[in-house]
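Work through the exercises below with the coordinates open, and try each task before reading its solution.

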Amino acid sequence: MMITVEIVIQKIEEQMEKLRETKQDPSSSSFAFQQASFLADILGLLESAATSHQHNEGNNQQNDSFTNHPLVRRKNRSDEPADYFLREEIRKYVRIKPNRLGKQNFMGANASFTSIGHACFAMKEELEEYMDYDVGEICNDDWKLAQKLMVHGCDPLPRRRCFSRAPKLYNQPFPITESLWKLPDDRNVRWSQYRCKNFACLAGNTTGKGFFKCAHCFNLTSHEMPRWMSLESDSNQTADFLISDVLAMKPGEIRMGLDFSVGTGTFAARMREFNATIVSATINFGAPFNEMIALRGLVPLYLTINQRLPFFDNTLDLIHTTRFLDGWIDFVLLEFILYDWDRVLRPGGLLWIDSFFCLKEDLYDYLKAFKMLRYKKLKWVVAPKLDKDNQEMFFSAVLEKPPRPFR
C-alpha cells in the first residue's frame with residue numbers, strides 16, 4: 001500500500017513540474033493554476049499519510065526490504081508548519097502561497113506568508129476544533145474558544161473561510177449624540193457565552209456578572225461619567241489625574257492615541273470631547289467589552305497582551321493604561337511591553353500610567369521598570385491602597401518620551 005502511495009506521489013510531482021512549465025506561458029489559462037493548487041493539496045495529504053505510516057513503523061523493520069525501498073525510506077521530520085496539523089483548513093492556511101505571476105509583488109515578496117502564534121502548536125487540539133467548519137457556511141459560536149487560544153499565546157489566530165455569527169435581531173445603533181452615554185440595545189450583542197444576558201445586568205450592582213475587573217464599567221451614569229473629569233477626594237491623597245490637567249501639559253499636541261485598559265471606552269469618550277481620537281484595546285473579560293465600545297460609537301481593538309502593537313514607530317501622541325498592568329505581571333514581560341509602547345510613541349508623546357497597583361514589597365521593582373525608559377516625569381504619585389491596610393500601593397504617572405538622536 002505504501003509503495004503505491006509513493007508512486008502516486010512521484011507521479012503528482014512529475015505532473016506539477018509540467019504545470020510549472022505551463023505557468024511560464026502567458027497565454028495559459030487559470031485552469032492550470034487551479035489544477036496545480038488541487039494537486040498540491042492532494043500531495044500534502046499523501047505525504048502526511050506516508051510520513052505518519054513510516055513513523056509508526058518505528059525501528060522494528062529497519063532491515064526489512066519494504067522500509068529500505070528508496071520510495072518509502074524514512075525521511076527526517078518536516079519543518080513545514082502545515083505537516084504538524086491534521087485539519088486541512090489549517091494546513092492550507094499556513095502553507096506558503098507563491099505569487100501567481102511568478103515574480104515579486106508590490107510588497108517585495110515572492111509569496112505570501114500567513115502566520116500563527118507559536119503556542120498554536122502546543123494547543124493543537126483546540127486549534128483544530130476552532131478550524132473545524134464548513135467552508136462558506138456559518139462559523140461555530142466559538143469566540144470564547146478563540147479568545148482562550150489568543151490569551152494562551154496562539155495569537156495571531158489563522159483566518160477562517162466561514163461567516164461569523166451575528167445577533168439574530170440586530171437593531172440600528174443609537175446616533176453618536178446619544179450612544180456615548182446610553183446603554184446600547186440588548187439585541188445588538190450575542191449573549192450566549194456570557195453570564196449576564198443584557199446590559200442592565202452588567203450595569204447593576206448584583207454579583208456574579210462573570211468578571212471582576214472594572215465591575216462598574218457598564219454603569220455609565222453614576223460610575224463612568226465622573227471619571228477623569230472630577231476628583232472625589234483631595235488630589236494629594238489619590239493616584240487619579242484629570243484629563244484636563246494632563247492635556248494642559250501639552251496644549252494642542254495630543255490628537256490621537258491608544259487606551260490599553262479594561263473598560264467600556266469611557267476614556268476614549270472623554271478624550272473625544274477634547275478633540276482627541278483614542279483607540280481602545282481590550283479583550284472580552286467575561287463581558288462584551290468590545291461590543292460595548294463599538295456600540296458607543298468608539299473604536300475597539302481586540303488585542304491581547306501577547307501581541308506587538310499594530311502601529312508603526314513614533315506615531316502615537318498618547319498611551320494610557322489603567323486596571324490592566326498590575327502587580328500580577330512578570331517583570332520581563334513588563335519590560336517587553338514598555339519597550340513596545342516606547343516604539344510607537346512619538347518623541348514628546350505621553351505615557352499615562354493610571355492607578356497601577358501592586359504589593360508594597362514589589363513597588364520598588366515595578367517603579368524601577370518604569371524608570372528604565374528614562375522618560376521625563378511630568379506627574380508621579382505613589383499612594384496607599386486604602387482598602388488593603390497599606391499592604392498594596394497605587395502608582396500613577398504621566399511620563400514624556402524624550403527625543404533620541406539617530407546613531
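The exercises move from the whole chain to one sheet and then to two residues, and the model they use is a predicted one.

**Exercise 1. Describe the protein as a whole: its secondary structure, its burial and its surface.**

Begin with the secondary structure, which comes to 13 helices and nine strands. Next take burial: of the 407 residues of the protein, 43% count as buried. The exposed area is then about 23300 Å², and carbon and sulfur atoms supply 53% of that area. Finally, turn to the contacts with a separation of 6 or more, of which 65% are between residues 24 or more positions apart.

**Exercise 2. Give the strand order of the seven-stranded open sheet, and state which strands are at its edges.**

Reading across the sheet, the order is E5-E4-E3-E6-E7-E9-E8, and the pairing is mixed. The edges are strand E5 (299-302) and strand E8 (376-384), each of which pairs on one side only. Neighbouring strands in this sheet are turned against each other by 15° on average, if direction is ignored.

For one pair in detail, consider strand E7 (residues 345-359) and strand E9 (residues 392-400), which run antiparallel and are joined by eight bridges. Within this pair, Leu359 has Glu392 of E9 as its bridge partner.

**Exercise 3. Determine which strands helix H12 and helix H13 touch or lie across, and how each helix is directed relative to E7.**

Start with helix H12 (residues 331-344), which packs on the sheet and touches strand E3 (256-260), strand E6 (316-322) and E7. The direction of H12 makes about 155° with that of E7. Continue with helix H13 (residues 363-371), which lies across E7, E8 and E9 and runs at about 175° to E7.

**Exercise 4. Decide whether Thr282 and Arg270 are buried or exposed, and list their contacts beyond four places in sequence.**

Locate Thr282 first, in strand E4 (residues 277-282). Its relative accessible area is 3%, and because buried means under 20%, Thr282 is buried. A polar atom of the Thr282 side chain lies 3.3 Å from the backbone oxygen of Ser261. Outside its neighbours within four places in sequence, Thr282 is in contact with Ser261, Val262, Gly263, Phe289, Asn290, Ile293, Leu301, Tyr302 and Leu303.

Then locate Arg270, in helix H10 (residues 266-272). Arg270 has 11% relative accessibility and therefore counts as buried by that cut-off of 20%. Again leaving aside neighbours within four places in sequence, Arg270 is in contact with Trp181, Met225, Arg227, Met229 and Ile243.

How values were computed: Residues numbered from 1 in each chain as written. Predicted model: local features only at pLDDT ≥ 70, side-chain atom pairs only at ≥ 80, totals over all residues. Heavy atoms only, no water. Helix = DSSP H or I, 4+ residues; strand = E, 2+ residues; numbered from the N terminus. Buried < 20%, exposed > 50% of the residue type's maximum accessible area, 1.4 Å probe, protein only. Polar contact = N/O pair within 3.5 Å; in protein donor to acceptor, adjacent residues only side chain to side chain. Contact = heavy atoms within 4.5 Å. Areas by Shrake-Rupley, 256 points an atom, 1.4 Å probe, with all protein chains shown as cover. Pairing = 2+ DSSP bridges. Axes fitted to C-alpha atoms, helices over the stretch in contact; angles between N-to-C directions.
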